[in-house]
Number of protein chains: 2
Amino acid sequence: MKTPKISEAVIRRLPVYLRYLQYLREMNITTVSSHELGQNLDMNPAQIRKDLAYFGEFGRKGIGYDVQYLIEKIKQILKLDRRLNVALVGAGNLGTALSNYRRFTNEKLKIVGIFDKFSEKIGKKIGPLQVQSLDKLSEMVKELDIKIGIITVPASEAQSVADLMIRSGIKGILNFAPVILKVPPEIPVRNADVTTELESLAYYIE
Amino acid sequence: MKTPKISEAVIRRLPVYLRYLQYLREMNITTVSSHELGQNLDMNPAQIRKDLAYFGEFGRKGIGYDVQYLIEKIKQILKLDRRLNVALVGAGNLGTALSNYRRFTNEKLKIVGIFDKFSEKIGKKIGPLQVQSLDKLSEMVKELDIKIGIITVPASEAQSVADLMIRSGIKGILNFAPVILKVPPEIPVRNADVTTELESLAYYIE
């Protein structure tokens, strides 16, 4: 079956489903209904059914979805059934936290290089990696076939780091700096901004 | 004008608009079209127009939206025109990074307490705050009228921290631990999971 074109909104929800399905698998739960998914993910079950219909008509009325099958299918769609190497630039507290983040260490998305421009950071050990000079980024992107860059530098440095990443051949960016990056249209950027999450939470607090 | 009931999806997009509008204001740009917003935020302009229509019919054809007015209106809707005190539990690298995060220091959402259960962290200074014992959480939530909790502890500790936060009177949680928290339905939880962002990025990498 050929996969139809899927909207960005759906693509962004798939990892959320994946996370919860993996949690269910750990709990040895083999099937789940869209209603249960909706309750646990705080989403509309009809929306979930519509999203999952991209994978075919395999959800069964009164039984639900097969957890293991859905995990495999979502990984296929997201192309997570391959290894993708990641470079992180900015070895401060946030960069260190992300590099040590449990999930990064056993998944296909793997941080294989940590870079910083400040000499006092270079050589510092974070998990199994040593912080390298930012001057080495281009060389390492080619050598290790790095596809994704994570930016954890201050806002004032983020654009020049993004430019360097793109010149070096990186194909997608996850940006933690609170700034809107200017990048060519073919380079996807995700902005991980904790303030937006906090702000949307404020709405619900009386 | 009374504000109509707004869906969660819209509420989650409003801070994204707010961020970009604040950026435009810094650049001394006073009006913006839904088309420009869409281009810069990688969203459908029709979706943006629909979302912004909740604030009234003030976008003008061929001219666009007034940046300053929209900023004020979105802040009102999100109830960001008041101070909300925040407690952070988990003074590791991620907690330290968040506590130092520039935007938290001058906005209405303010981290006023950092807590950890490990004695080697207690007393450590992060910015203007000293890490306090987790035993003090309940007392401080009442004393400082803390409404929001940020969880930056390891996955295995997150549920018990969430339980303690809720018992202490916290009304909403931003969770960074890679685990799905069980909370009463009246407590909103946002999961800030960097892996989901990375995974949705993978889709766009050939």
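These legends describe close-up views of salt bridges and of the contact between chain A and chain B in a predicted model.

**View 1. Salt bridge between Lys117(A) and Glu157(A)**. The side chains of these two residues come together with N and O 3.0 Å apart. Lys117(A) sits in the loop joining strand 4 (109-116) to strand 5 (125-126) of chain A, while Glu157(A) belongs to helix 8 (residues 155-168), so the salt bridge ties together parts that are 40 residues apart in sequence. Lys117(A) is partly exposed, at 47% relative accessibility. Glu157(A) is also partly exposed, with a value of 23%.

**View 2. Salt bridge between Glu157(B) and Lys117(B)**. The distance from N to O is 3.0 Å. Glu157(B) is in helix 8 (residues 155-168) of chain B, and Lys117(B) is in the loop between strand 4 (109-116) and strand 5 (125-126) of chain B; the pair links distant parts of the chain, 40 residues apart. Glu157(B) has a relative accessible area of 22% and is partly exposed. Lys117(B), at 47% relative accessibility, is partly exposed.

**View 3. Salt bridge from Glu199(A) to Arg19(B)**. The two side chains meet at 3.1 Å, N to O. This pair crosses between chains: Glu199(A) lies in helix 9 (residues 194-202) of chain A, and Arg19(B) lies in helix 1 (residues 8-26) of chain B. Glu199(A) has a relative accessible area of 2% and Arg19(B) one of 10%. Both values are under 20%, so Glu199(A) and Arg19(B) count as buried.

**View 4. Salt bridge between Glu199(B) and Arg19(A)**. The closest N and O atoms of this pair are 3.1 Å apart. Between chain A and chain B the count is two salt bridges, whereas the whole structure holds eight over all chains.

**View 5. The contact between chain A and chain B**. Chain A contributes 58 residues and chain B contributes 59 residues. About 5,800 Å² is buried between the chains, and carbon and sulfur atoms give 64% of this area. Four residue pairs are in polar contact across the two chains, counting those with both residues at pLDDT 80 or more.

**View 6. The side of chain A that touches chain B**. The elements of chain A that each supply at least two residues to this side are helix 1 (8-26), helix 5 (93-100), helix 6 (102-105), strand 8 (146-151), strand 9 (172-175), strand 10 (189-191) and helix 9. By residue class, this side of chain A has 33 nonpolar, nine polar and 16 charged residues.

Note on methods. Residues numbered from 1 in each chain as written. Chains lettered and ligands numbered in written order. Predicted model: local features only at pLDDT ≥ 70, side-chain atom pairs only at ≥ 80, totals over all residues. Heavy atoms only, no water. Salt bridge = Lys/Arg side-chain N within 4 Å of Asp/Glu carboxyl O. Helix = DSSP H or I, 4+ residues; strand = E, 2+ residues; numbered from the N terminus. Buried < 20%, exposed > 50% of the residue type's maximum accessible area, 1.4 Å probe, protein only. Contact = heavy atoms within 4.5 Å. Buried area = accessible area lost by both parts, 1.4 Å probe. Polar contact = N/O pair within 3.5 Å; in protein donor to acceptor, adjacent residues only side chain to side chain. Nonpolar A, V, L, I, M, F, W, Y, C, P; charged D, E, K, R; others polar.
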